[in-house]
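Subject: Structure for you to look at

Hello,

Here is the structure I said I would pass on. My notes on two parts of it follow below.

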Amino acid sequence: MEGKLPQLRAELAGLRQRKRELQQELFDIRAAAETRRKKIEDISELRPVAAINHLPVEVLVPIFQCALSMTGYSRWRQHCIQKQLFAAVSRWWRDIVMNTPSLWTTICVHPTWPSSSVKTHVARSHEYPLDIAFLKQWRKSEGSASLRSVLSCTSRWRSLTIRSKACTQSLLCDLSRVSFPCLKRVHIEGDEDFDVEFPVPDNTPALEQLVLKDSRPGFTLLPSLEKLTMLVLYGGINHLQLGPQSIHLPLLRSLTIDVDRPSMLLQAIVVPRLSHFEASLRDIPSLFDEIPLVFNEVHHLCLRAPTIHSVAEVCQAFPNIRHFEVGKLASRFFHGLQENTDLWGDLECVTFRSLHVKLLEETVTEFREWLQLRRPTVKPLHLRLTRIKRRMNWTKTGHLLSMLYNSLHEHCTFEIDRFPLVLRARVTLLDHTLRMGLPHVPPCVVNMHLGQDIPWRKSMNCFRNASADESSDSEEDEEDSDDSGDEGSDWSGDSYVDYWYNVQNGAGGMSDAFWLS
């Protein structure tokens, strides 16, 4: 044994030496790693990084929600693709998308949505309220797995949209046997072959909004929905026999109708809180001759009709209007209103919707003449022109803006919404503020500030709430070739703009702005 001691001591000494070498190597590695870490930090500080990569979750999530909401009901099937695109940007974005339940609350039962995707949305949305849609081409036999997935969480349904002629009756029968304690909105569209008896009040205690388009309401449906705050009816109600004041909707605030017997419907409903009324009518005189005076609380009126004979009857049926929307009959309406300047003294805003540009000058002239006859008010009236129709290759944007300014700037404020800017515009930077100029337009109109002083307007709902008459209005305009030779422009393009002109009464000044969208 004693003969092995020298060997063991030598091995121990070797191990200790190896330990010291490894410790020194570890120290050197740590020092090298620290040096490289500092170099990486220095380089990262010098390298520009996109600001969006530093946005916190509470800012990014609303941006994602906004992008998803812009798709509207008709493009719900693209929600999956959009979330995939967000998640592919970076690991940070992917973590946010995957771990934010509110981004998974929109579920579409459609052939382009596999059942696995529906299940994923149900799981990742956790306990958040759900928006469910059954869209075109849906078949119950093909989508049974997806249907089972969404029916397993009916307690979380917030809204239901059905836009499919196939299997609609069978689907509604199934839904009428299920309870929806949180369902607030129902939208059914596309089949007049049977009476719609859904939603059932006992199964939908929280229901507030009902939209029936091209669908026949059942005999007992409308009288049973006393908690509605919004009702939209498009289609036939000729099969219903409604007596006067037979439908009591005490909480209803918004009513939109385009039906074959509007007079019968308006005589039947009792709506003491109604404040918003919108109607597409075919025979205005006979309608307002017969309805009772139950619309004293209506402040927002929208009429779409081919003709009108008695402006006074409309004003008497709705005596307290503050916001009036009108289409093609605008010129004749305000011409008739010139004989009744004492009516609608509380009117604050007028909207001309979907007017053809060739009718615009005549309409504005009649409107201006009515303003001149109207008794003065403390607050100037505001005019909004939205979705102006025009011919292909129409290039008189400058003339239009000049005409509106010259006709209206002394009488009211006005706004042009969703109108194509088809000419070369110039944007320059002056005093840290963007300034836009348009050719052939007076300087007092074109000195638009595009900086932080622009008043911001929320317009999130315009995509979901677009009326049927607006869906076919837009036509593509081509760039104005006459202005293409304008040299020196900093920016030019074919954009949709909102133009806002506001006269500051008494101050002798004005503020105006463009919104580019």
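Leaving aside neighbours within four places in sequence, leucine 228 is in contact with Leu207, Glu208, Gln209, Leu210, Leu251 and Leu252. Please keep in mind that this is a predicted model. Leucine 228 sits in a loop, the one between α8 (221-224) and β6 (230-235). Its relative accessibility is 2%, and because buried means under 20%, leucine 228 counts as buried. From leucine 228 to serine 254 the C-alpha to C-alpha distance is 9.2 Å, with the two positions 26 residues apart in sequence terms.

The other part is strand β11, which covers residues 300-304. Of its 5 residues, 5 are buried, so by the cut-off of under 20% relative accessible area the strand is mostly covered. In a regular strand, side chains alternate between the two faces of the sheet. In β11, His300, Cys302 and Arg304 point one way, while Leu301 and Leu303 point the other way. The residues on both sides are buried, Arg304 among them.

β11 pairs with two strands. Strand β10 (residues 276-280) runs parallel to β11 and is joined to it by 5 bridges. One of the pairings is between histidine 276 and histidine 300, the latter being in β11. Strand β12 (residues 323-326) also runs parallel to β11, and 4 bridges join them. Here leucine 303 has valine 326 of β12 as its bridge partner. Leu303 is thus a residue to look at twice: it is buried, and it is bridged to β12.

Regards

Terms used: Residues numbered from 1 in each chain as written. Predicted model: local features only at pLDDT ≥ 70, side-chain atom pairs only at ≥ 80, totals over all residues. Heavy atoms only, no water. Buried < 20%, exposed > 50% of the residue type's maximum accessible area, 1.4 Å probe, protein only. Pairing = 2+ DSSP bridges. Contact = heavy atoms within 4.5 Å.
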